[in-house]
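Please open the model in a viewer and keep the selection panel at hand. The tour below proceeds from one selection to the next and states what is to be found at each stop.

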Amino acid sequence: MAKQSVRRNISATGPKGLTKMAQRKATAKPEKRKAAPTKGRDSANDAPPRDRRRERGEASVQRIIDATIELIAEEGLASVTMQRIAEHVGSSNALVVFHFGSKENLFRAVLQYLSDQYDELWFNLVRAPGLSPVDRLLGAVECAQRFARQHPKWVSVFVVFSSDRKSMQIYNEIGLPSDLAYTAEARELLIEIARNGAYTGVDIDTLSESLNYLVHGAWYWDHLNPSGRDTDVLRKTMLLLLHQAFPRHFELMR
């Protein structure tokens, strides 16, 4: 359920340090020294020069990733080809190959992108300064539910990657370590709450794994049954487990 930030480089192609274009350093010649701007007036030369070629390349990479997410969420992995992705984006197959090299690299980039998005939400809800362990755990609950509600296609892609035998190796490399780290972080929060509240007899390991099961089970069910996605069943069930373990710290959701 909980994980630490997992922002790793995946391969020689793709976003987040993956695309060939993104890897190349700007090679512009050094600018000649310019005269200082008139005192008291701002100068446009104060801003660093924009690398428009790089910006276009990064935008192109993101469009390809977005199109791949769309196709995987709607049709699964089997029918997704580089040519179909190019057609979906409205570009050439050569451009997709230029950025990613192969379909496997593209799939890795997609999964890494989604993992990074969940990391960012986790940081905002769970690791914000000044939160108590209870607040952080509630933030973890909110993170799982909000991510699924706001980005159902992202969740569908996670489910597809983790359930397809051919893509499971990629998921085990990129997604699984994150899932294990999230669960470990939640476990530490549970330990701290139990210690601070002087609770005894709480099976922390089972509780942390149960919360993890609930998240993945809810995401899988939402993928199969989208009509039930907007319910509060996930949050209510997680709070029920937490209330049973720590009744003075967690209230039931009505």
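Begin with helix H7: the cover over its buried residues includes H2, H5, H6, H8 and H9. Helices here are DSSP runs of H or I of at least four residues, strands are runs of E of at least two, and both are numbered from the N terminus. Buried denotes under 20% relative accessible area, exposed over 50%, and partly exposed the range in between, with a 1.4 Å probe and protein chains only. The model is a predicted one, in which local features need pLDDT of at least 70 and side-chain atom pairs count only at pLDDT 80 or more, whereas totals for chains, interfaces and linings use all residues. Residues are numbered from 1 along each chain as its sequence is written, and side-chain values use heavy atoms, with hydrogens and water left out.

**Helix H7**

Select residues 152–163, the extent of H7. This helix of 12 residues reaches 17 Å from its first C-alpha to its last, close to the 16 Å expected at 1.5 Å a residue; the expected span is 1.5 Å times one less than the number of residues. Colour the buried positions of H7: Trp154, Val155, Ser156, Val157, Phe158, Val159, Val160 and Phe161.

Next, centre on Val160, which counts as buried at 12% relative accessibility. Beyond its neighbours within four places in sequence, Val160 is in contact with Ile72, Gly76, Leu77, Ser167 and His223, where contact means heavy atoms within 4.5 Å. A C-alpha to C-alpha distance drawn from Val160 to Tyr171 should read 9.6 Å, for two residues that are 11 apart in sequence.

Move to Phe161. Apart from residues up to four places away in sequence, Phe161 touches Ile72, Leu77, Phe107, Val110, Leu111, Ser167, Met168 and Tyr171.

**The nonpolar core**

Which residues touch the most other members of the largest nonpolar core? They are Phe161, Trp219, Leu242 and Phe246, in a core of 64 residues. Such a core is a set of buried Ala, Val, Leu, Ile, Met, Phe, Trp, Tyr and Cys residues joined through side-chain atoms within 4.5 Å. Helix H5 gives the most to this core, with 12 residues.

**Aromatic pairs**

Now display the aromatic rings; the structure holds 13 aromatic pairs. Rings of Phe, Tyr and Trp (its six-membered ring) pair if their centres lie within 6.5 Å; planes under 30 degrees apart count as stacked, over 60 as edge-to-face and the rest as tilted.

Select Trp122 and Tyr182, a tilted pair with 4.7 Å from centre to centre and 35° between the planes. The pair links distant parts of the chain, with Trp122 in helix H5 (residues 103–126) and Tyr182 in helix H8 (residues 168–196), 60 residues apart. Trp122 is buried with a relative accessible area of 0%, and Tyr182 is buried at 2%.

Then select Phe147 and Trp219, which count as a stacked pair because their ring centres are 5.6 Å apart and their planes lie at 25°. Phe147 belongs to helix H6 (residues 133–150) and Trp219 to helix H9 (residues 204–224), so this pair ties together parts that are 72 residues apart in sequence. Phe147 has a relative accessible area of 1% and is buried; Trp219 is likewise buried, at 7%.

To view the cluster linked by ring pairs, select Tyr113, Tyr118, Trp122, Phe147, Trp154, Phe158, Tyr182 and Trp219 together.

**Further stops**

Select Arg248 and Tyr199: the charged end of Arg248 sits over the ring of Tyr199, 4.3 Å from its centre. The criterion is NZ of Lys or CZ of Arg within 6 Å of the ring centre and within 35 degrees of the ring normal.

Go on to Asn172 in helix H8. Asn172 is partly exposed, with a relative accessible area of 38%. The C-alpha atoms of Asn172 and Ser162 are separated by 7.8 Å, the two residues being 10 apart along the chain.

Turn then to Ser60 in helix H2 (residues 52–75). Is Ser60 buried or exposed? Ser60 is buried, with a relative accessible area of 6%. Its contacts, not counting residues up to four places away in sequence, are with Leu95 and His99.

**The whole chain**

Finally, zoom out to the protein chain, which has 10 helices and zero strands. Of its 254 residues, 43% count as buried. Among contacts between residues at least 6 apart in sequence, 70% join residues at least 24 apart.
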